[in-house]
Amino acid sequence: MTAQLELGVTQRPWLVTEVDLADGLPALPAVDGTGQPVGGAFVLVRMFTEPVAGLWVTVPDGGLSPEELGRAAETQAGQELRARLIAAGWTDDPSGLPLRGVTSASRPAWVRGRDLAEASSVGLTAVLCTRGRPEGARQCLESLQRQAYPRLTVMVVDNAPRDDRLRQFVESGHFRVPVRYVAEPVPRLSHARNKAVAECQTELIAFLDDDEVACPYWASELVRGFIEDPAVDCVAGLIAPRELRTPAQQLYERFGGHSKGRGFRPMTFDGRQMGKTRALFPLPPFGTGANMAFRLTAVRELGGFDTALGAGAGTCGGEDTDIFSALLLDGRRMAYRPSALLWHSHRTTHEALRSQLYGYGVGLTAFYTAVVLRHPPHAFRLLALAPRAIGEVLGSGGVRAQTFGESFPPDLLAANRRGLVRGPAAYWRARRQQRRVAGW
C-alpha cells in the first residue's frame, strides 16, 4: 500500500477513514475532527467487512461527494472491487460502482471462511511487547479486548520495565479477553519476543506493537490464514496508517509505509518453490514484525529471534526479516493476509522519521550479515542479488522509489542509505556484546 498522490511537506492534514462498499459510499468532509481543513484522505475500503483496497484522494474545499469518491475508487481499484462485488452476487454495472450499497443473498465466501476460523478450537496468544510506553500499551490492549476471536489470550511482555505501572494495570484489570503480564529484564525486542515464545501455551502466537490498535477481526483473520492452509507456518497481516496528521506521517507513507508495495492482495510464499535467492530478497517484504503470527512449534524449531537483531540491539531492526527468511530457507510456507489488519501510529516529526529510516537501513544489512555468518554459502546468492538491490536503493525504478517523487526530502533517503552502510558493523558489535553478556 503506497501513496499514489503527491504528499508533500506543505500539505494539510489528511483524513484517515474506512468505508464498506456493501453499505454504500459516503461524502468526505473538508475538515478533520478538530475542524482543520484537510488536503486529502486515505480511505480503507472494505467489502462485507473485509479490507480490499486503499484509496488516496484529494479533498477539495467543499468536501468530496459520494460520486467523486466512487470515481476515485473505480480508477484506483475498480478491477479488484468489481471482482469482489460480483463474488458477492452483484450484477456488473458498466455505469460505475454501487454508491448506495449492495446486498448479498448469502454470506460471502470470505465471511464464511472467518466463521469457520472462529468456530475452530485453535488457541491464539497475542503478544504485546512494550517498553516505557504504558499509554500506547493500554490503547493496544483495549483494541485486543474487542476482538471477535473467542479463543484469544493476550500476553504483555514488559521489556526491562522501569516501574510497575503496566504490571499494576494488567493485574488489577478486569478483562473480557484474558491478559497475562510477563517481565523480561534484558532490554531488546528480540529478548522480549523470545520470552513470549518460551512462555506461550497455545498453538499459535502473534506479535503486535504498542503503537498499534487492532481491527476487531485481526485475530480471526490470522487464524483463518492457518486454517485455510494447514501447511502455512507463518501469517503476516496488513498495517494501515492510523493518522496522517503531520508531514512526517505522510512522508512515511510515500516511503512505502509498512507494506512497501505489498498492498491488499493475499499471497502465499513457499520456500520449497521460490528458491533460496528469492527468500533473501524481501522487497516487497514478505511481512513485518509489527503484525505477524506463527505456529509455536515452527518458531521454536527455528530457534526464535536473533537477539543481535532488532530494536534495542544497535542493529535497530531486521529480526523479523531474518525469521521470515529463515522460515522460507527451511522450505516452509508463509502467507500474507491483508484482512488481518492493524492500525499504526506513525512517527510525527521529521527528526523521528529520519531516525526510523536510518534504522531500517541498518536493520536490512545487519540481517544480511547475520545470514552470511550463519550460512557462508549464501554470500554468493547475495552477490547475485546485488544489481537488483542497488537498483532498489539508488535507482528510480524500484518498488519504493516509484512513490517518492522529486520532492521527497533527500536527507531522509541519505539517512536510509547511511544506515545500509553501517548495518554490518552494527551486527558485529551486537554479537560481541551478546557474547560478553553470556560469558562466552
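Which residue in β2 is the bridge partner of E18? That partner is L44. Keep in mind that this is a predicted model, and take the rest of the tour in that spirit.

**The small sheet**

E18 and L44 are a handy way into an open sheet of three strands, ordered β1-β2-β3, with mixed pairing. On the edges sit β1 (14–20) and β3 (50–58), and each of them pairs on one side only. Going from one strand to the next, the twist averages 20 degrees. As background, strands in a sheet pair through backbone hydrogen bonds, and the pairing can be parallel or antiparallel. Both kinds turn up here, as the table shows.

| Strand pair | Bridges | Direction |
|---|---|---|
| β1 and β2 (residues 40–47) | seven bridges | parallel |
| β2 and β3 | eight bridges | antiparallel |

On the antiparallel side, G40 has T58 of β3 as its bridge partner. β2 and β3 form a hairpin with two residues between the strands, and F48 in that hairpin takes a positive phi near 50 degrees. Is β3 mostly buried or exposed, given that it is an edge strand? Eight of its nine residues are buried, so β3 is largely enclosed by the rest of the structure. In other words, β3 pairs on one side only, but the rest of the structure still largely encloses it.

**The chain as a whole**

Zooming out, the protein chain has 14 helices and 12 strands. How does its radius of gyration fit with a compact globule? For 440 residues such a globule would come out near 22 Å, and the protein chain has 22 Å, so the two agree. If you're setting up a box in your head, the C-alpha atoms fill one of roughly 70 × 50 × 45 Å along the principal axes.

Of the 440 residues, 57% are buried. The accessible surface is about 18,500 Å², with 52% of that belonging to carbon and sulfur atoms. Contacts reach far along the sequence too: among those between residues at least 6 apart, 79% join residues at least 24 apart.

**Helices α2 and α6**

Now for a helix pair. Helix α2 (residues 109–118) packs against helix α6 (residues 218–228) at an angle of about 90 degrees, and their axes are 8 Å apart. With that angle, α2 counts as roughly perpendicular to α6. On the α2 side, the contact is made by W110, G113, R114, A117 and E118. From α6 come S220, E221, V223, R224, I227 and E228. For reading lists like these, remember that an α-helix has 3.6 residues a turn, so residues three or four places apart point the same way.

**Helix α7 and Q356**

Helix α7 (residues 247–254) is another enclosed element: seven of its eight residues are buried, so the rest of the structure largely encloses α7. The buried ones are A248, Q249, Q250, L251, Y252, E253 and R254. After α7 comes G256, which has a positive phi near 120 degrees.

Y252 also leads on to another helix. Leaving aside neighbours within four places in sequence, Q356 is in contact with Y252 and R347. Q356 belongs to helix α12 (residues 350–374). Why does Q356 count as buried? Its relative accessibility is 9%, and buried means under 20%, so Q356 makes the cut. The contact between Q356 and Y252 therefore joins two buried residues, Y252 in α7 and Q356 in α12.

Methods:
Residues numbered from 1 in each chain as written. Predicted model: local features only at pLDDT ≥ 70, side-chain atom pairs only at ≥ 80, totals over all residues. Heavy atoms only, no water. Pairing = 2+ DSSP bridges. Helix = DSSP H or I, 4+ residues; strand = E, 2+ residues; numbered from the N terminus. Axes fitted to C-alpha atoms, helices over the stretch in contact; angles between N-to-C directions. Buried < 20%, exposed > 50% of the residue type's maximum accessible area, 1.4 Å probe, protein only. Rg over C-alpha atoms; globule rule 2.2 N^0.38 Å. Contact = heavy atoms within 4.5 Å. Areas by Shrake-Rupley, 256 points an atom, 1.4 Å probe, with all protein chains shown as cover. Parallel < 35°, antiparallel > 145°, perpendicular 65-115°, else oblique.
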